[in-house]
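Me: I should be grateful for a close look at the aromatic pairs in this structure. Please describe how the rings are arranged and what surrounds them.

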Amino acid sequence: MLGKLDAPRNKVIFIVLLSIGFTLAMYFVVNYSLSQQSTTFTRLIPEEAYIIVLHDVFNQTLDDIRNITFDDLQGKFTSQYVMINGEGNIYKANKDSHETFELINRTSEPITGGSHYGWEIVSNGSKYYIDSTSGQIITSLNASN
């Protein structure tokens, strides 16, 4: 009689322990995956951001851009990695950790809304801000601003 009562209790204990083990395993899997560098999103390099400016702002054709090499771009622009928040505040940022530093400028709210990490491209006295993931122009500052 005592053996029959222990069987349901043992099943409950087994299910509880199995649930705890599964929860711990999932915790470690999620924790590990969050600590890894994301490979799902590629980030633009400054030269690629400048080519986007050439196409979208200076209306250069894709045929013209296709022939440009990174060596051709040397000295044509300067760049730095920045974060632009939804209010238009521009901060220096670390491109690897996304840590933000000092406020360096202010602009209008981003065209696409929200906060963006990207490249500040300075060419001919104007500044262009390119999202480092999507490649969209976020906003710009003309030399007269």
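Reply: Across the whole structure, which is a predicted model, a search finds five aromatic pairs. In general, two such rings are described by how far apart their centres are and by the angle between their planes.

One of the pairs is formed by Tyr50 and Phe77, whose ring centres lie 4.5 Å apart with the planes at 10°. Since planes under 30 degrees apart count as stacked, this pair is stacked. Tyr50 belongs to helix α2, whereas Phe77 sits in the loop between α3 and β1, so the pair ties together parts that are 27 residues apart in sequence. Both Tyr50 and Phe77 are buried.

A further pair, Tyr81 with Trp119, is edge-to-face, with 5.1 Å from centre to centre and 75° between the planes. Tyr81 is located in strand β1 and Trp119 in strand β4, so this pair ties together parts that are 38 residues apart in sequence. Tyr81 has a relative accessibility of 6% and therefore counts as buried. Trp119, at 9% relative accessibility, likewise counts as buried. Together with Tyr117, the residues Tyr81 and Trp119 form one aromatic cluster.

The surroundings of these rings may be considered next. The largest nonpolar core holds 17 residues, and Tyr50, Leu73, Trp119, Ile121 and Ile130 are those that touch the most other members. Two or more residues are given to this core by each of α2 (46-56), β1 (78-84), β4 (116-123) and β5 (126-131). Helix α2 supplies the largest share, six residues. Leaving aside residues up to four places away in sequence, Leu73 touches Glu47, Tyr50, Ile51, Leu54 and Ile68. Apart from this core lies another, of six residues, including Val82, Ile90, Ile138 and Leu141.

Helix α2, which carries Tyr50, deserves separate mention. Its buried residues are Pro46, Ala49, Tyr50, Ile51, Ile52, Val53 and Leu54. These buried residues pack against α3 (62-66), β1, β4, β5 and β6 (137-141). The partners of α2 thus include β1 and β4, the strands in which Tyr81 and Trp119 lie.

An aromatic residue in another setting is Phe28, which lies in helix α1 (residues 2-35). Phe28 has a relative accessible area of 54% and is therefore exposed. Phe28 also takes part in a nonpolar surface patch of about 800 Å², made with Val12, Ile13, Val16, Leu17, Ile20, Leu24 and Tyr27. An α-helix has 3.6 residues a turn, so residues three or four places apart point the same way.

The wider frame is as follows. The chain contains three helices and six strands, which run along the sequence in the pattern α-α-α-β-β-β-β-β-β. Of its 145 residues, 26% are buried. Among contacts with a separation of 6 or more, 47% are between residues 24 or more positions apart. The accessible surface of the chain amounts to about 10,100 Å², and carbon and sulfur atoms account for 57% of that surface.

To return to the rings, the stacked pair joins helix α2 to the loop between α3 and β1, while the edge-to-face pair joins strand β1 to strand β4.

Terms used:
Residues numbered from 1 in each chain as written. Predicted model: local features only at pLDDT ≥ 70, side-chain atom pairs only at ≥ 80, totals over all residues. Heavy atoms only, no water. Helix = DSSP H or I, 4+ residues; strand = E, 2+ residues; numbered from the N terminus. Buried < 20%, exposed > 50% of the residue type's maximum accessible area, 1.4 Å probe, protein only. Contact = heavy atoms within 4.5 Å. Areas by Shrake-Rupley, 256 points an atom, 1.4 Å probe, with all protein chains shown as cover. Core = buried A, V, L, I, M, F, W, Y, C linked by side-chain atoms within 4.5 Å. Patch = residues over 30% accessible without salt bridge, like charges linked within 9 Å, V, L, I, M, F, W, Y side chains within 5 Å. Salt bridge = Lys/Arg side-chain N within 4 Å of Asp/Glu carboxyl O. Phe/Tyr/Trp six-rings, centres within 6.5 Å; stacked < 30°, edge-to-face > 60°.
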